[in-house]
Every structure is written in C-alpha cells, then in structure tokens.
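Please load the model in your viewer and keep the sequence panel open beside it. The stops below are given as selections, each followed by what there is to see.

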Amino acid sequence: MGAGGVWWVWLSTRRVPWVRSLALGTLALVVLANAYGDLFGGYWGDVWRTVNPLFIGSSSVAAVALWRSGSAAGRVGAAVSAALGALVFANGYFMDNGVIWEMLDPARMLAALAWAAGAGQANVARPPAET
C-alpha cells in the first residue's frame with residue numbers, strides 16, 4: 001500500500017509539483033525525528049513500519065523519473081535510488097541489522113531531500129525529451 005500510495009500521489013500531483021516536494025521533505029523530517037529524537041515516544045516502531053514502505057515507494061518513483069531523464073547522471077541517480085530502496089527493503093523485512101540502519105538513516109534523509117529538490121522538474125507520465 002505504501003508504494004502504491006506514493007505512485008498515486010506522484011501521478012496525481014502533476015499540476016502541483018510542490019506537493020511532491022512537501023511530502024518528500026516531510027518524509028525526511030520524520031526519519032530525522034524518529035531516528036534521532038523522541039518525538040514519537042513509544043510509537044517509534046509503528047513509525048518505521050509506516051516510513052519504510054513510503055521510502056521504498058519513493059525510491060521506485062525516483063528511479064523511474066531519473067531513468068526517464070535520459071542523461072548519464074540521471075541513470076546513475078536511478079541506480080542509486082533503486083539500490084537504496086532495495087537495501088531498505090532487505091534490511092527492513094529480512095535482516096534488521098542495526099549497523100546498516102545507522103548508515104541508512106542519514107542516507108534516507110539525504111536521498112529524500114535530494115528527491116524533493118528535483119520533484120518539481122520531473123514527471124514520469126510525460127515522455128522523455130528527445131536528445
């Protein structure tokens with residue numbers, strides 16, 4: 001449901017791309033608050049069970065949008081986004097390694113902020129520009 005919801009938000013906000021950036025910025029803020037603060041108290045596990053699927057869905061959207069850009073940098077960004085989403089999926093649902101989470105939390109925040117910065121310029125529903 002998280003990945004489907006992310007795709008639904010992405011595709012339904014073509015006319016208001018700032019909503020995408022706001023959602024991704026909020027995702028980064030929630031990761032910061034839950035990993036390094038006590039904002040959610042005893043509900044931190046429930047927050048991760050919500051944030052992880054949203055991040056995995058966001059990484060799939062970012063990978064597709066970056067890939068469709070057609071540039072070499074976009075293709076590298078797509079591969080990094082897909083790999084980060086796959087790593088969160090594997091660690092969140094199979095391994096649950098604490099050391100990997102310590103590395104993933106800052107990487108997830110930076111990735112979400114980078115995606116938020118470019119979310120207004122990308123649209124996976126539009127065909128890529130001819131080069």
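In which helix does tyrosine 36 lie? Bear in mind that this is a predicted model, then select tyrosine 36, which lies in helix H2. With the residue still selected, add valine 19, which is 17 residues away along the chain, and draw the distance between the two C-alpha atoms, which comes to 25 Å. Next, display the neighbours of tyrosine 36: leaving aside residues up to four places away in sequence, tyrosine 36 touches Val31, Glu102, Asp105, Pro106 and Met109.

From here, turn to the second largest pocket, which holds about 310 Å³ of space. Of the 13 residues that line this pocket, those closest to its centre are Trp44, Trp48, Asn52, Asp96 and Trp101, and selecting these five is a convenient way to centre the view. Colouring by helix then shows where the lining comes from, since at least two of its residues are supplied by each of helix H2 (18–36), helix H3 (44–67), helix H4 (72–95) and helix H5 (98–118). Which helix gives the most to the lining of the second largest pocket? That is H3, with five residues. If you recolour by residue class instead, the lining of the second largest pocket divides into five nonpolar, four polar and four charged residues.

Keep Asp96 selected, as aspartate 96 is one of the residues closest to the pocket centre. Aspartate 96 sits in the loop between H4 and H5, and it counts as exposed because its relative accessibility is 55%, where exposed means over 50%. Its backbone also deserves a look, with a phi near 50°, a positive value in a residue other than glycine. For context, most residues other than glycine have a negative phi.

Now select asparagine 91, which lies in helix H4. Is asparagine 91 buried or exposed? Its relative accessibility is 0%, and asparagine 91 therefore counts as buried, the limit being under 20%. Apart from residues up to four places away in sequence, asparagine 91 touches Asp96, Asn97, Ile100, Trp101 and Leu104, and two of these names, Asp96 and Trp101, will be familiar from the pocket centre. Zoom in on Asn97 in particular, where the backbone nitrogen lies 2.8 Å from a polar atom of the side chain of asparagine 91.

The last stop concerns aromatic rings, for which the count comes to three aromatic pairs. One of them joins phenylalanine 89 and tyrosine 93, a tilted pair at 5.3 Å centre to centre with 50° between the planes. Both residues lie in helix H4, four residues apart, or about one turn of the helix. Add phenylalanine 94 to the selection: its ring centre is 5.5 Å from that of phenylalanine 89 and the planes stand at 75°, so this pair is edge-to-face, the class for angles over 60 degrees. Viewed together, Phe89, Tyr93 and Phe94 are linked by ring pairs into a cluster. Colouring these residues by accessibility, you will find phenylalanine 89 partly exposed at 38% and tyrosine 93 partly exposed at 43%, while phenylalanine 94 is exposed, with a relative accessible area of 64%.

Notes: Residues numbered from 1 in each chain as written. Predicted model: local features only at pLDDT ≥ 70, side-chain atom pairs only at ≥ 80, totals over all residues. Heavy atoms only, no water. 1 Å grid on protein atoms, 1.4 Å probe; cavity = no way out; pocket = protein on both sides within 12 Å on 5 of 7 lines; lining within 4 Å. Points joined across faces, edges and corners; volume = space filled by probe spheres on them. Nonpolar A, V, L, I, M, F, W, Y, C, P; charged D, E, K, R; others polar. Buried < 20%, exposed > 50% of the residue type's maximum accessible area, 1.4 Å probe, protein only. Polar contact = N/O pair within 3.5 Å; in protein donor to acceptor, adjacent residues only side chain to side chain. Contact = heavy atoms within 4.5 Å. Phe/Tyr/Trp six-rings, centres within 6.5 Å; stacked < 30°, edge-to-face > 60°.
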